[in-house]
Structures are given as C-alpha cells and as structure tokens.
Amino acid sequence: MVEATVVAAFSLVSPLSTPQLSNFRASSPLFSLHYPSSSAPRLLIRSNNTFNNPCHVNFPFPSRFLMSTHDSFARSSISSSSSSSSSTNSDDVYSSTMDDDDDDDDVGVVLDKFDDPSPPDLPDRWDVLGLGQAMVDFSGIVNDDFLMRLGLEKGTRKVVNHKERGRVLQAMDGCSYKAAAGGSLSNTLVALARLGVHPIEGPALNVAMAGSIGSDPLGGFYRTKLRRANVNFLSPPVKDGTTGTVIVLTTSDAQRTMLAYQGTSSCINYDSSMESIISKTNILVVEGYLFEFPDTIKTIKKICQVARDSGALVAVTASDVTCIETHYDDFWEIMENYADIVFANSDEARAFCHFSSEESPVSSTQYLSHFVPLVSVTDGPRGSYIGVKGEALYIPPSPCVPVDTCGAGDAYASGILYGLLRGASDLKGMGTLAARVAAVVVGQQGTRLRVQDAARLAESFEFTVENSSLQADVGSDISSL
C-alpha cells in the first residue's frame with residue numbers, strides 16, 4: 001500500500017497577501033507556495049521522486065438577450081413576428097424563439113440596449129482568474145435537411161466569417177435555441193464560483209475571467225451572464241469590436257455541428273490594468289484554445305511571467321488535440337517554464353507526450369508529472385488520474401446515468417480547483433470531489449453545474465483545513481498505483 005500525506009495549511013479568514021512560490025523545477029525537491037511570515041501560510045508540495053516513500057503535498061488557498069447592432073445583427077423579439085423586421089445589414093437578419101441556458105435567469109428577449117448594471121465592488125484578491133476566449137454560444141436542435149440546405153457537413157467544426165454566421169442565424173429564424181456565455185473555461189469558472197459561494201467556513205471564492213469582448217450588446221450579455229453566476233469579467237470591451245460566437249447545431253443522432261466566429265475573442269490585450277489584476281491572483285487558468293493565435297501566445301507568456309513573479313499558480317487547460325498538435329512547442333514552452341497544473345483528457349495527454357493511442361492514460365499522466373507539479377487527466381467513464389512527481393493516482397468514476405457528456409472535463413477541473421482552494425485533505429478526496437462534480441454535469445442536459453447541485457456538492461465535501469501549522473499532517477491511504 002502506498003501512502004501519501006497532504007498538509008492543508010491556509011487561513012480562510014485571514015487577509016490574503018501576495019504568495020511566494022518556490023518551484024520544484026529548482027535544484028531543491030521542494031515545491032512550495034507560502035505567505036510571508038506576517039500572514040497565513042499557503043501551499044507546499046514536498047515529495048520524493050516516487051510514491052515509494054511518504055509524499056507531503058500542501059496546496060495553495062488563499063434575462064435578457066440581444067443581438068448586436070454594431071455587429072450588424074437585426075433586433076428581434078421572442079415572437080416569430082420579428083422575421084419581418086429591418087436591419088442595417090440584411091445578411092444578419094434573423095429572429096427566433098430563444099431560451100436562456102442558465103437556471104437562474106428568465107427567458108430573454110432582444111433589446112436595443114443591454115441592461116448592464118454598475119459593476120460591483122471588486123475584491124482585493126482573486127482566488128482564480130481565467131484567461132480565455134469569450135464567446136456567446138447559440139445552441140439549437142436542427143434536422144439533417146437544415147444542414148444540407150446550408151451545405152454544412154454534420155459533426156464538423158468550422159470557422160466562419162461574419163457573413164456566413166449571419167446566413168446561418170437567419171436560417172434559424174423561428175427555431176428554438178439557447179444562448180449562453182459559453183466556452184470551456186467559462187464552464188469551469190461558473191461551476192467553481194457556484195461551489196465556492198457555499199463555503200463550509202470562510203468567505204466565498206472570488207472568481208474572475210479576462211478575455212476579449214466587443215463593445216456590442218453581445219459583449220454586454222456575456223459580461224452580465226457571468227456576473228450573475230458570480231464570475232466577474234474584468235476586461236474592458238474592445239471599441240467597435242464584435243463579440244465572438246459559436247453556433248452549435250445538434251441533430252437527432254446527437255451529433256454536433258459547430259460554427260465558430262472568432263470576432264475579437266482571438267485577441268488578449270495586455271496592459272498595466274491586466275498586470276495589476278494578475279498580481280492579485282492566487283491561481284491563473286489559461287485556456288488552451290488561445291494557443292491557436294500566434295499574437296495571443298506572446299501575450300500568454302507575458303501574463304504567465306507576471307503570475308510567476310507574483311507567486312500565483314499557473315494552470316493550463318489542454319482544450320483540443322488538434323490545437324496541441326499544431327502548437328506543440330508553444331504548449332510545452334508554457335508548461336515547462338510556467339505551469340503548475342495541467343488539465344487534459346486522455347487523448348490530449350497522449351498528444352502532449354507523443355504517445356500512441358494504445359498507451360494507457362497512466363503512462364501519460366506519469367510522464368507529464370515529471371514536468372508539471374500537478375497533472376489532472378480524465379478518461380471518460382473509466383475514471384481519471386492525478387499525477388504528482390512521476391506517479392499517477394487513480395480516481396474511480398462517480399456513478400451516474402449519462403445524458404450529455406459535453407462539459408464533463410470542464411466540471412472536473414472545477415472540482416480540482418475547488419479542492420485546492422478549500423484545502424482538500426488528500427489527493428484522493430480532491431479527485432473524488434472532481435469526479436462527483438463531473439458526474440452531476442454528465443447526468444443533465446447542458447454544460448453548466450446548476451446552483452442547487454453546487455450547493456449540495458459543497459455541503460457534502462469533507463475536508464480538513466489547518467490554520468495554524470504546516471506540520472499538522474493529515475494521513476491519507478492512497479490506493480495502489
């Protein structure tokens with residue numbers, strides 16, 4: 001039997017100050033994250049090269065909808081009567097019956113001006129800041145004839161221009177569809193914020209996102225939707241910019257055809273304001289889809305360096321196998337030099353390692369964990385793995401009746417982050433929580449963890465937080481690797 005000891009040492013009620021990080025890539029085998037002596041201690045990972053001896057791991061803690069007139073969308077109402085409405089640009093005229101994907105909002109209508117209230121007071125520090133693509137998702141059910149009329153190949157993902165997007169949306173006139181502040185990263189952040197708003201002790205988690213939205217009403221929709229889910233979108237809108245969108249067309253055989261319009265989402269602006277935000281962040285999460293854009297990669301490196309200098313942990317989401325294969329060197333430069341946490345599924349993990357499809361996720365988890373302190377690899381209904389120092393800990397799947405697997409990995413990542421921030425007493429417990437969160441999302445229609453489910457999961461999450469001493473180890477019996 002292999003044993004590991006996890007020490008959780010963080011005061012949830014003490015003021016946060018900038019942590020200091022000593023990376024395990026240095027000559028010392030110590031990976032630590034701690035506060036100066038004047039404040040509560042933070043994370044520390046002490047480990048031997050394998051799990052043959054005890055491993056000490058300490059983790060850090062500290063409506064309404066509208067179409068854009070700027071984007072040449074025609075205003076429309078919920079009723080189909082809007083099909084006769086006019087617009088300054090006919091290629092984007094459409095109307096539809098639209099539902100909101102969130103459980104905390106009413107069905108929306110299209111307005112001339114988005115009702116975006118004054119921003120709330122912002123906290124002094126952010127527990128998690130996500131850096132990713134900000135895109136509004138339109139999800140609708142269509143038949144095969146619809147795809148054939150538009151010349152779309154079923155089950156594919158295609159990047160479209162402004163005119164093509166307008167043509168598809170116009171064709172959806174009268175259809176029922178949902179709109180959401182979408183994206184893989186936003187799914188994770190919303191789930192984390194909903195888990196974190198129900199703390200057993202201490203304050204709620206402060207969760208934020210940075211990216212790029214346009215000055216159009218779609219940008220206002222995105223910002224406000226996240227805010228209602230307790231995620232603050234901190235980046236200012238790009239003047240005269242257009243917010244990116246993803247149209248997801250699902251047929252009766254459950255195949256998804258995706259049309260992505262990047263808009264301004266491919267650009268990440270780095271300025272003194274962004275630098276200030278990052279310097280006040282405990283965990284920075286970088287979405288892998290951003291690696292698709294060469295100029296954005298340069299910005300990611302700058303941001304990760306600021307995060308490292310400020311003592312924040314840096315997490316990277318793999319996002320997509322094709323993206324990894326295309327930008328392999330860029331991913332590895334970030335992972336080797338900056339990343340403390342990597343989230344991937346088994347295919348993505350193999351792509352990082354250049355392993356064949358026959359290789360088990362155990363091998364890729366072990367390999368990656370030689371380079372990155374904490375590795376999280378999901379393997380669908382077969383379970384998941386957490387890698388530390390060249391070893392992989394198996395996490396069994398949480399039982400559920402699968403309804404929709406989309407968003408499972410995003411939910412799992414939120415569970416890992418929540419466990420880190422709340423002081424999970426051991427790796428097994430943290431992974432088990434992540435698996436439970438993922439199972440809840442898989443057992444529902446839609447990618448977002450619902451408010452009531454988040455409350456139930458948070459209440460049932462058992463953990464131990466030691467506020468006074470780094471030496472108060474909590475033993476954990478880790479199953480055979």
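Partly exposed means a relative accessible area between the buried range, under 20%, and the exposed range, over 50%. Keep that in mind for the close-ups below, which come from a predicted model.

**Figure 1. A salt bridge between lysine 154 and aspartate 144.** Lysine 154 has a relative accessible area of 27%, so this residue counts as partly exposed. Its partner, aspartate 144, is partly exposed too, at 38%. The two side chains meet with an N to O distance of 3.3 Å. Aspartate 144 belongs to helix 1 (residues 144-149), while lysine 154 sits in the loop between helix 1 and strand 9 (157-159), so the contact ties together parts that are ten residues apart in sequence.

**Figure 2. Glutamate 333 paired with lysine 301 in a salt bridge.** Here the closest N and O atoms are 2.9 Å apart. This pair links distant parts of the chain, 32 residues apart: glutamate 333 comes from helix 8 (residues 328-337) and lysine 301 from helix 6 (residues 294-310). Glutamate 333 is partly exposed at 32% relative accessible area, and lysine 301 is partly exposed at 23%.

**Figure 3. A salt bridge within helix 13, from aspartate 453 to arginine 456.** The closest N and O atoms of this pair lie 3.4 Å apart. Have a look at the buried partner: aspartate 453 has a relative accessible area of 14%, whereas arginine 456 is partly exposed at 40%. Both residues lie in helix 13 (residues 451-460), three residues apart, which is about one turn of the helix.

**Figure 4. A network of salt bridges.** Shared partners join Asp144, Lys154 and Asp253 into one network. In total, the structure holds eight salt bridges.

Key: Residues are numbered from 1 along each chain as its sequence is written. This is a predicted model: local features need pLDDT of at least 70, side-chain atom pairs count only at pLDDT 80 or more; totals for chains, interfaces and linings use all residues. Side-chain values use heavy atoms; hydrogens and water are left out. A salt bridge is a side-chain nitrogen of Lys or Arg within 4 Å of a carboxyl oxygen of Asp or Glu. Helices (H or I, at least four residues) and strands (E, at least two) are DSSP runs, numbered from the N terminus. Buried means under 20% relative accessible area, exposed over 50%, partly exposed in between (1.4 Å probe, protein chains only).
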